[in-house]
Amino acid sequence: MKVAVKKQSNLKYRCRVCGYIYDPEKGDEINNISPGIEFIDLPDKWRCPVCNYSKKEFRVLKNNNPA
Ligand SMILES: [Zn+2]
């Protein structure tokens with residue numbers, strides 16, 4: 001039985017420029033990011049696959065906020 005561990009995991013991040021959402025469960029095929037990679041673990045060079053802006057343009061998407 002798995003115990004919920006309190007850590008920042010599986011957080012989705014949304015690009016505030018184009019609205020692209022990075023989902024760690026899916027990764028990012030375009031940039032060759034495997035599923036399971038957390039957003040914070042993405043390389044600094046990583047760019048939004050849609051608009052090519054940097055990680056700094058991403059904001060965390062709260063799980064309880066469907067928008
Ligand atoms: Zn973007």
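The questions and answers below go through a predicted model of one protein, from its strands to single residues.

Visitor: How many helices and strands does the secondary structure of the protein come to?
Guide: Read along the sequence, the predicted model follows the pattern β-β-β. That pattern fits the totals for the secondary structure, which are 0 helices and 3 strands.

Visitor: What is the order of the strands in the open sheet?
Guide: The pairing in this open sheet is antiparallel. β2 and β3 stand at the edges with a single partner strand each, so one side of each is left without a neighbour in the sheet. The order is therefore β2-β1-β3.

Visitor: How many bridges join strand β1 to β3?
Guide: β1 covers residues 12-15 and runs antiparallel to β3. Along this pairing, K12 stands opposite L61, and Y13 stands opposite V60. The number of bridges between β1 and β3 is 4.

Visitor: In β2, which residue is the bridge partner of R14?
Guide: β1 and β2 also pair in the antiparallel sense, over 2 bridges. R14 takes part in this pairing, and its bridge partner in β2 is I21.

Visitor: In the hairpin of β1 and β2, which residue takes a positive phi?
Guide: This hairpin has 5 residues between the strands. A phi near 90° is found there, and the residue that takes it is G19.

Visitor: Along β1, which side chains point to one face and are buried?
Guide: The side chains of β1 alternate between two faces. K12 and R14 point to one of them and are not buried. The buried ones, pointing to the other face, are Y13 and C15.

Visitor: Which residues make up the largest nonpolar core?
Guide: Buried residues make up 12% of the 67 residues in the protein. The largest nonpolar core has 6 residues, among them the two β1 residues Y13 and C15. The full set is Y13, C15, Y22, F39, C48 and F58.

Visitor: Leaving aside its neighbours within four places in sequence, which residues is C48 in contact with?
Guide: C48 belongs to the largest nonpolar core, as does C15. C15 is also one of its contacts. With neighbours within four places left out, the contacts of C48 are C15, V17, C18, Y20, Y53 and E57.

Visitor: Is D28 buried or exposed?
Guide: D28 lies in the loop between β2 and β3. Apart from its neighbours within four places in sequence, it is in contact with Y22, I33 and P49. The cut-off for burial is 20 or more other C-beta atoms within 10 Å. D28 has 20 such neighbours, so it counts as buried.

Visitor: What separates the C-alpha atoms of D28 and P49?
Guide: P49 is one of the contacts of D28. The two residues are 21 residues apart along the chain. Their C-alpha atoms are separated by 7.9 Å.

Visitor: What separates the C-alpha atoms of L11 and V60?
Guide: L11 lies in the segment before β1 and is partly exposed, with 16 other C-beta atoms within 10 Å. Leaving aside neighbours within four places, its contacts are F39 and V60. L11 and V60 are 49 residues apart along the chain, and the separation of their C-alpha atoms is 6.8 Å.

Visitor: Is K56 buried or exposed?
Guide: K56 is placed in the loop between β2 and β3. Its C-alpha atom is separated by 9.5 Å from that of R16, 40 residues away along the chain. Because K56 has 8 other C-beta atoms within 10 Å, and the cut-off is 12 or fewer, it is exposed.

Visitor: What is the phi of N32?
Guide: N32 lies in the loop between β2 (21-22) and β3 (58-61). This residue is exposed, with 7 other C-beta atoms within 10 Å. Although N32 is not a glycine, its phi is positive, at about 65°.

Visitor: What is the phi of N52?
Guide: N52 is found in the loop between β2 and β3. With 11 other C-beta atoms within 10 Å, N52 is exposed. N52 is not a glycine, yet it has a positive phi of about 70°.

Visitor: Among contacts between residues at least 6 apart in sequence, what percentage join residues at least 24 apart?
Guide: One contact that joins distant parts of the sequence is that of L11 with V60, which are 49 residues apart along the chain. Among contacts between residues at least 6 apart, those joining residues at least 24 apart come to 50%.

Terms used:
Residues are numbered from 1 along each chain as its sequence is written. This is a predicted model: local features need pLDDT of at least 70, side-chain atom pairs count only at pLDDT 80 or more; totals for chains, interfaces and linings use all residues. A nonpolar core is a set of buried Ala, Val, Leu, Ile, Met, Phe, Trp, Tyr and Cys residues joined through C-beta atoms within 7 Å. Two residues are in contact if their C-beta atoms, placed from the backbone, lie within 7 Å. Two strands pair if DSSP finds at least two bridges between them.
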